[in-house]
Amino acid sequence: MTTIIDKNINLPPGKLGLPFIGESLEWLLDPNFFQKRHAKYGNIFKTNLFLNPTVVLIGHEGNKFLFENEGIFFSDGMSLAVPTSTKKLMGSGALVMQMGKRHKENRRIIYQALQSKSLDRYIPIIESQTVNYLKKWTAQKTFKWHDELKNYSLSIATECFLSIDIVNSDIEFSKLYTTWGKGLLSVPVALPFTNFGKALKCRELLLEKIGSIISSRTIENPGNDLLGNLLLFCKERDITLSSREIQEQLLTLLFAGHDTLSSALTSFCQLISKNSKSKEKLYEEQKWIGDIDTLSIAKIKEMTYLDQVIKEVLRFAPPTNGPPRKVLKDCNYKGYVIPKDWNILYSIGQTQRDETVYRCPYEFNPDNFDQQTKKPAMSFLPFGSGSRECVGKEFAILELKILAIHLIRKYEWKVKPKQSFKKILLPAVHPRDGLIVEFWKK
Ligand code: HEM
């Protein structure tokens, strides 16, 4: 997008970088891009990312300003601000692409299937997948954990949401899904050999597969997975959703939780191996809990130190930054003009390193989340906030905790030296060499 800047208006400090690409390359190559600009310019600055002049807000006050003005100064959600490839590959039926009333109604339907009251039913699936993967890793001894955790979280999501077993019976699903995911940030040229062209083809095949699962469900037998829950919920309330819309919603749910969740799982494994005190305390807590016949949400709630650790992992190594919004009309913040048609971003990572809120924010310290420490609203937001807060938040935390419980009770691992831990930012934060580990049963 070309922008003509009026030199007389007081724009936030910062650089717009090169024509067209702006500072996109610097952002992609430097995991400390926001940190450096935050140090130089403060809590509001301008840049140009992915062809869009962009204002970045940092800190809980800026987040409050953004979320309170969604739908007023800023678009409600990211759909107006994401690249064409993402829009086309997600489709207009996907929650993240919807706005206004339609978004609100569909969000209610999806949210009820993923909130804590509905989660107990997923625990046996998550546990049985966890046990299988742990056996596999014990046999493998050495592996790239991030790759494995991507398969692990996708296996869990496909089974919980659609009752598909991608490990044993539908291996093709995972390949189609990976190719589709590669197209999301690609140049939107639909030729058979481009990433976008291949992704469009895979999208149709995936939607067909999901469509045939939907057609196999009946009112009497809607299924005991997330799809079944959605069908039943809509039937009981006389809500009509087209099959295409349900297909697109499910495809997005699989996507939205996949890279983010595998990023957080990888960070847990990496951070716990480095922080032996936290690992010991986690183990002590599990010893105190004792043998568990059937894991439940209520039982997991008793594990308060585990809760602190998971929150600290998400604070210290948030999987993603806040996605962009479009500025709908000129507005002012802290004396600066935020111009119409620019993008605006909230920075999760830098907000969660605010030293006025967190003691030693660049150190991993689960005590940041002990009972006594109160924090201002919107100073901890790994799942975003406002009308777009992550609908999969409870599900993600549950999966993180279940893997952590199994690992801490029975397994050991050692991160291999001589590998790169440089943070790669897309599709979600992960170490460059994928966290190569040695793994064994205690
Ligand atoms: C650790 C794991 C996860 C992280 C860090 C994460 C992070 C986020 C963030 C930051 C947003 C806010 C986007 C915005 O401001 O526009 C979001 C939205 C969303 N997330 Fe997650 N997420 C995770 C897991 C999941 C899972 C497991 C699912 C699905 C089961 C999921 C589904 C969604 C959906 C559908 C939205 C869009 C909500 C809307 O537009 O109303 N996420 N997520």
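Does Lys 182 count as buried or exposed, and at what relative accessibility? Select Lys 182 in this predicted model. At 57% relative accessibility it is exposed, because the cut-off for that class is over 50%. Lys 182 belongs to helix α9, which covers residues 171–182. Now add Pro 427 to the selection. Its C-alpha atom is 8.9 Å from that of Lys 182, although 245 residues separate the two along the chain.

Next, go to the ligand. Pick its iron atom and look for the protein donor. Cys 390 is the only one, with its SG at 2.3 Å. Trace the backbone around Cys 390: this residue sits in the loop that links α16 (348–351) to α17 (393–410).

Move on to the nonpolar interior. The largest core holds 92 residues. Trp 137, Trp 145, Phe 161, Phe 268 and Leu 407 have the most contacts inside it. Colour helix α12, residues 243–274: twelve residues of this core come from there, the largest share.

Zoom in on Phe 161. Beyond its neighbours within four places in sequence, Phe 161 touches Leu 114, Asp 225, Leu 226, Leu 227, Leu 250, Leu 253, Leu 254 and Phe 395. Then show the second core, which is separate and has 17 residues. Ile 44, Val 327, Ile 344 and Ile 348 are among them.

Finish on the surface. Select Leu 18, Phe 20, Ile 21, Leu 25, Leu 28, Leu 29, Phe 50 and Leu 51; together they make a nonpolar patch of about 790 Å². Leu 18 lies in the segment before α1 (24–29). With 52% relative accessibility, Leu 18 counts as exposed.

Note on methods:
Residues numbered from 1 in each chain as written. Predicted model: local features only at pLDDT ≥ 70, side-chain atom pairs only at ≥ 80, totals over all residues. Heavy atoms only, no water. Donors = N, O, S within 2.8 Å, 3.2 Å for Na, K, Ca; no water. Helix = DSSP H or I, 4+ residues; strand = E, 2+ residues; numbered from the N terminus. Core = buried A, V, L, I, M, F, W, Y, C linked by side-chain atoms within 4.5 Å. Buried < 20%, exposed > 50% of the residue type's maximum accessible area, 1.4 Å probe, protein only. Contact = heavy atoms within 4.5 Å. Patch = residues over 30% accessible without salt bridge, like charges linked within 9 Å, V, L, I, M, F, W, Y side chains within 5 Å. Areas by Shrake-Rupley, 256 points an atom, 1.4 Å probe, with all protein chains shown as cover. Salt bridge = Lys/Arg side-chain N within 4 Å of Asp/Glu carboxyl O.
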